[in-house]
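Please take a first look at the sequence and the model shown here, and then follow the paragraphs below from one part to the next.

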Amino acid sequence: MKHPKKRALALALTLAMSLTVPALAAEDTAETADPVEAALAAAETYGATTSIQYALWKDGEIVSTGGSGVYSKTENRALTDDILYGVGSVSKIYTTVAVLQLAEKHRLSLDAPVTRYLKDFKMADPRYKDITVRMLLNHSSGIMGTGLGGAMLFGEADTSATDGLLESLSTQRLVADPGAYSVYCNDGFTLAELVVEAVSGLDFMDYVDKYILDPIGLDDTFAPGGDFDVSRLAKTYRGDDTRALPADSLNAIGAGGIYATASDLAAFGGALTGTELLSQSSLDAMAYPEYSRGIWPEDTLDSLAYGLGWDNMEWYPFCQSDIQALVKGGDTLYYHAGLVVLPEHDMAAAVVSSGGVSTYNEMVANQLLIAALAKEGVSVDESIPALPAAEPAAMPADLLKNAGYYGSTSAQYQVSLTEDGKLTMHYLNYPTTIPDQTFTYHSDGTFRDATGTAYMSFVKEENGQVYLYQKTVSGLPGLGALPVSNYAAVKLPDNPLTPEVQAAWDDILTMGVLPMDEPYNSQTYAALADSAAGETPELVPGYMGSMRIVDAATALFEIQLPGVGGRDGLDYHVEDRDGVTWIIARGSAYMDASAVPELFTGSGTSYTTVQEDGYARWYTVSDGAAGKTMTVQLPKDAGFWIYDAAGQVTASSVLWNDTSVVLPEDGVLVFAGDPGARFHLSFT
């Protein structure tokens, strides 16, 4: 039997809304005299956008709009300002405003436990009782991260993921003491959404409409299922494919499910320069450096430095000119948004795109605002801050103890140190084309690269953990610069395994896995194609990625890492079900891909039925079936996906309304839907 192409286990299990920033592009864009046009061109090029639009709000009105790209790759339709985009995690600012409004009315307290408002909120960790509403908004709850299973769909508004969050959390533990440090956490904002509903007695979006959008006259902001024409959504695509995808529906509204025009988003940000929605004391509370309540690097010149809802309140480059800039970015799998607000200057800029990267959009917003300030005679220092002066020096011998393995959620490193002060970074789970980097010890205790523009150092924090601190500033032609000053990783304790446990995980770490309980129209099925190819990563001994292997059936996420590097951890639990290996991670189920049966095509007709457990039905294409045409009679609320030998989607009833397809050689199929859904198949 042919087996499905192996997919990287860590990638399949950590599929979630991604907010991480990719490596900055190195190529130059065409120079232009207009810095805003240059920024748009750069973001469009680096992010491979289909369309990108902006709006600038000043003193109560939208004063400028524009954009680039096309509404559709195949339709002759203008890219107009009434086109809607998913704003992703910028939705968290709407949630924060809702919570603070209720606090102003004394209907809740930021420092009261969440259990006061959500009576059914429980976790498999007694510390959950210490989680306050404030901790949901500043990312310090200690909850592992993102429970988006079933939330990211094509073309359907479905609140099941949000409705089921409390049940999902009831079996989870915390990764840290509540309040210990801030680390990006989507589930915290979904909990905050539930708090708003419980306290107000309204559905979340009904609250947003009544108390946020209506008072400031915004009518181009929606959530999945809202009263809008889906043709207004900017078209989205996969790679170079010219077939548009179905409507994006991110159903975790409070964490990332709001859709808006660039103008509506900018006007919402503009409302936060005054007191139309919140009192000044609440606005000040949003802009307080909440990250400082817990463990955090001393130098905060980074893309992240959390307030309440905001990603950063000390945003570069404005901070260099004593101008407060509040920023929030957001990414779905297909839409991206950036919002930057200058309260003292009554300005806000929003940039939204189909395709792209939120950070690039934020940097375009920077250029919009810098140009607007220049017209008022206000200059912004955009110089790239240099590293503090230091000279090569002899390395103290006691630093040698910091050699070893370091990890974050997404990356693991082997750090080597020599007595002559050389630090070598070996990237374990990056492509082998990325060479090791060498840094040299300097007089200020840092290890600097050959260019003198980046350094590493070791910091032992009050929790006893040793962190690998990094500092650099990356310049991006056309967009400006992005400072980095954060804890990149934490030292992983040695974790020797018995031969038996090692053998068990050797098998697990090399097997492919397939999702079993995602809805038929889940974006997970499309995203599997992105994880189908790639090199098998090197691993830290005793670890599954950054998860510590405990025994033959358990790996636990235990790293204590502030910022974004410690987000979205998972505990892995391995089960044997009738001789087949299954993995359960944050309530989602995955099955060993090698156990998938062949699709029977011999009699010319067949059927497959989703059983009462609701699990998807996966099949491989046998040699005898390859090349045959399969015609599918679809049941209600169900669909199928077909992948070729390279793991790429070649047909889908969900994406392209396919009903008749040619079966690819060494392909894989999945049928999913409600329990009892029966697919009638015929083959010619």
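In this predicted model, Ile131 touches a wide set of residues once those up to four places away in sequence are left out of the count: Ala112, Pro113, Val114, Phe121 and Met123 on the one hand, and Leu136, Ser141, Ile143, Leu174 and Pro178 on the other. Ile131 also belongs to the largest nonpolar core, which has 96 residues, and together with Phe121, Leu191 and Phe268 it is among those with the most contacts inside that core. Helix H3 gives the most to this core, with eight residues. Apart from it lies another core, of 35 residues, which includes Met144, Tyr487, Leu570 and Tyr572. As a general background to such groupings, nonpolar side chains in soluble globular proteins tend to be buried together.

Helix H3 spans residues 91-104, and Thr96 has its place within this helix. Is Thr96 buried or exposed? Thr96 counts as buried because its relative accessibility is 0%, and the cut-off for buried is under 20%. Leaving aside neighbours within four places in sequence, Thr96 is in contact with Leu137, Phe189, Met286, Leu308 and Gly309.

Another part of the model to follow is a pair of helices, H2 (residues 35-47) and H12 (residues 358-375), whose axes come within 9 Å and cross at roughly 175 degrees. Since angles over 145 degrees count as roughly antiparallel, H2 is therefore roughly antiparallel to H12. On the side of H2, the residues that take part in the meeting are Pro35, Val36, Ala39, Leu40, Ala43, Tyr46 and Gly47, while H12 brings Tyr360, Val364, Gln367, Leu368 and Ala371. Sorted by class, the contact of H2 with H12 has ten nonpolar residues and two polar ones, with no charged residues.

The last stop is strand S28, which covers residues 629-633 and has two faces, a covered one with Met630 and Val632 and an uncovered one with Thr629, Thr631 and Gln633. Which strands pair with S28? One of them is S31 (residues 660-662), which pairs with S28 in the antiparallel sense over three bridges, and here Met630 stands opposite Val661. Another is S33 (residues 678-683), which pairs with S28, also in the antiparallel sense, over four bridges, and in this pairing Val632 stands opposite Leu681.

Key
Residues numbered from 1 in each chain as written. Predicted model: local features only at pLDDT ≥ 70, side-chain atom pairs only at ≥ 80, totals over all residues. Heavy atoms only, no water. Buried < 20%, exposed > 50% of the residue type's maximum accessible area, 1.4 Å probe, protein only. Contact = heavy atoms within 4.5 Å. Core = buried A, V, L, I, M, F, W, Y, C linked by side-chain atoms within 4.5 Å. Axes fitted to C-alpha atoms, helices over the stretch in contact; angles between N-to-C directions. Parallel < 35°, antiparallel > 145°, perpendicular 65-115°, else oblique. Nonpolar A, V, L, I, M, F, W, Y, C, P; charged D, E, K, R; others polar. Pairing = 2+ DSSP bridges.
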